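Here are my notes on the model you sent over. Keep the viewer open while you read, and look up each spot as we get there.

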Amino acid sequence: MERILTRDEIKELVAAVRHGEIEVDAETPTIKAERRAVGFDLLRSQGGGSRRLPNIDLILDAFSQNYALSLGKRLQRSALVKRTAIESQSYEQLLNSQSGWGSIGVIRLDPLRWGGLVIYDKDLSFFLVESLLGGGGEDRLVVPDR
């Protein structure tokens, strides 16, 4: 079993390395060529649907399973959330293509660094609000145009 150094021994060792009493056989890391950051405009991205994120389908499937479980617990009903397609489009195209949204939300996606955008159509958002406020949850809801 290796001997563990005390705090005083560690301080003495660090001081000896700093003063040059002990040589260090570490290789100096080579500096790579500088790379420049390229700006990306979400409103006017070039290439339309050509951008693909690797393994995004796995992330979305895991999210849909977890979201279905939490939604089912919250509503006290069984819920199924399923990914039907993955489309890539610019933010401007998304804003122009959608009309009559029920609700839009920004959610945290821990442990990922950034959040996500969730868009519900008006029928689903009305059903969720109705259920959360104690509605009966009939199969056919009359959604007011507001």
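1. Let's begin with Lys122, which you'll find in helix α4. Lys122 is partly exposed, its relative accessible area being 42%. Now look across to Ser103: 19 residues separate Lys122 and Ser103 in sequence, and their C-alpha atoms are 7.0 Å apart in space. Bear in mind that this is a predicted model.

2. Now step back to the whole protein. You should be able to count 4 helices and 2 strands. Going along the sequence, the order is α-α-α-β-β-α. So that you can find your way around: helix α2 covers residues 56–75, α3 covers 91–97, the strands are β1 (101–107) and β2 (116–121), and α4 covers residues 122–132.

3. A few overall numbers help here. The protein has 146 residues, and 11% of them count as buried. Its accessible surface comes to about 13700 Å², with 53% of that belonging to carbon and sulfur atoms. Take the contacts between residues at least 6 apart in sequence: 37% of these join residues at least 24 apart.

4. Back to α4. Which residues of helix α4 are buried? They are Ser125, Leu128 and Ser131. Looking down the axis of α4, you'd see these buried residues fall within an arc of 130 degrees, so they line one face of the helix. Try turning the model until you look straight down that helix.

5. Check both ends of α4 as well. At the N-terminal end, Asp121 acts as a cap, with a side-chain oxygen 3.1 Å from the backbone nitrogen of Leu124. Just after α4 comes Gly134, which takes a positive phi of about 95 degrees.

6. Ser125 deserves a visit of its own. This serine sits in helix α4 and is buried, with a relative accessible area of 11%. A polar atom of the Ser125 side chain lies 3.1 Å from the backbone oxygen of Lys122, the lysine from point 1. If you set aside neighbours within four places in sequence, Ser125 is in contact with Gly102, Ser103 and Tyr120.

7. Compare that with Ser64, a serine in helix α2. Ser64 is buried too, at a relative accessible area of 7%. Here a polar side-chain atom lies 2.8 Å from the backbone oxygen of Asp61.

8. How do α2 and α4 sit against each other? Two packed helices are described by the angle between their axes and the distance between the axes. For α2 and α4, the angle is about 45 degrees and the axes are 10 Å apart. The two helices are therefore oblique to each other. If you want to see where they touch, look for Leu71, Arg74 and Leu75 in α2, which meet Leu128, Ser131 and Leu132 in α4. Leu128 and Ser131 are also among the buried residues of α4.

9. Next, the loop between α2 and α3, where you'll find Gln76. What is unusual to look for in its backbone? Phi of Gln76 is near 60 degrees, a positive value in a residue other than glycine. Gln76 is exposed, with a relative accessible area of 69%.

10. Move on to the loop between β1 and β2, home of Leu109. Leu109 is partly exposed, with a relative accessible area of 22%; the cut-off for buried is under 20%. Which residues does Leu109 touch, not counting residues up to four places away in sequence? The answer is Phe63, Trp114, Gly115 and Gly116. Phe63 is worth a closer look: Leu109 and Phe63 are 46 residues apart in sequence, yet 8.6 Å apart in space from C-alpha to C-alpha.

11. Last stop, Asp110, which lies in the loop between β1 and β2 as well. Is Asp110 buried or exposed? Asp110 is exposed, with a relative accessible area of 57%. Its side chain makes a polar contact with the side chain of Arg108, at 3.4 Å.

Note on methods
Residues are numbered from 1 along each chain as its sequence is written. This is a predicted model: local features need pLDDT of at least 70, side-chain atom pairs count only at pLDDT 80 or more; totals for chains, interfaces and linings use all residues. Side-chain values use heavy atoms; hydrogens and water are left out. Buried means under 20% relative accessible area, exposed over 50%, partly exposed in between (1.4 Å probe, protein chains only). Contact means heavy atoms within 4.5 Å. Accessible areas come from the Shrake-Rupley method with a 1.4 Å probe; for residues, only the protein chains shown count as cover. The arc is that of the directions from the helix axis to the C-beta atoms. A polar contact is a pair of N or O atoms within 3.5 Å; within protein, one must be able to donate a hydrogen and the other to accept it, and residues adjacent in sequence count only if both atoms are side-chain atoms. Axes are lines fitted to C-alpha atoms, for helices over the stretch in contact, and angles run from 0 to 180 degrees between N-to-C directions. Angles under 35 degrees count as roughly parallel, over 145 as roughly antiparallel, 65 to 115 as roughly perpendicular and the rest as oblique.
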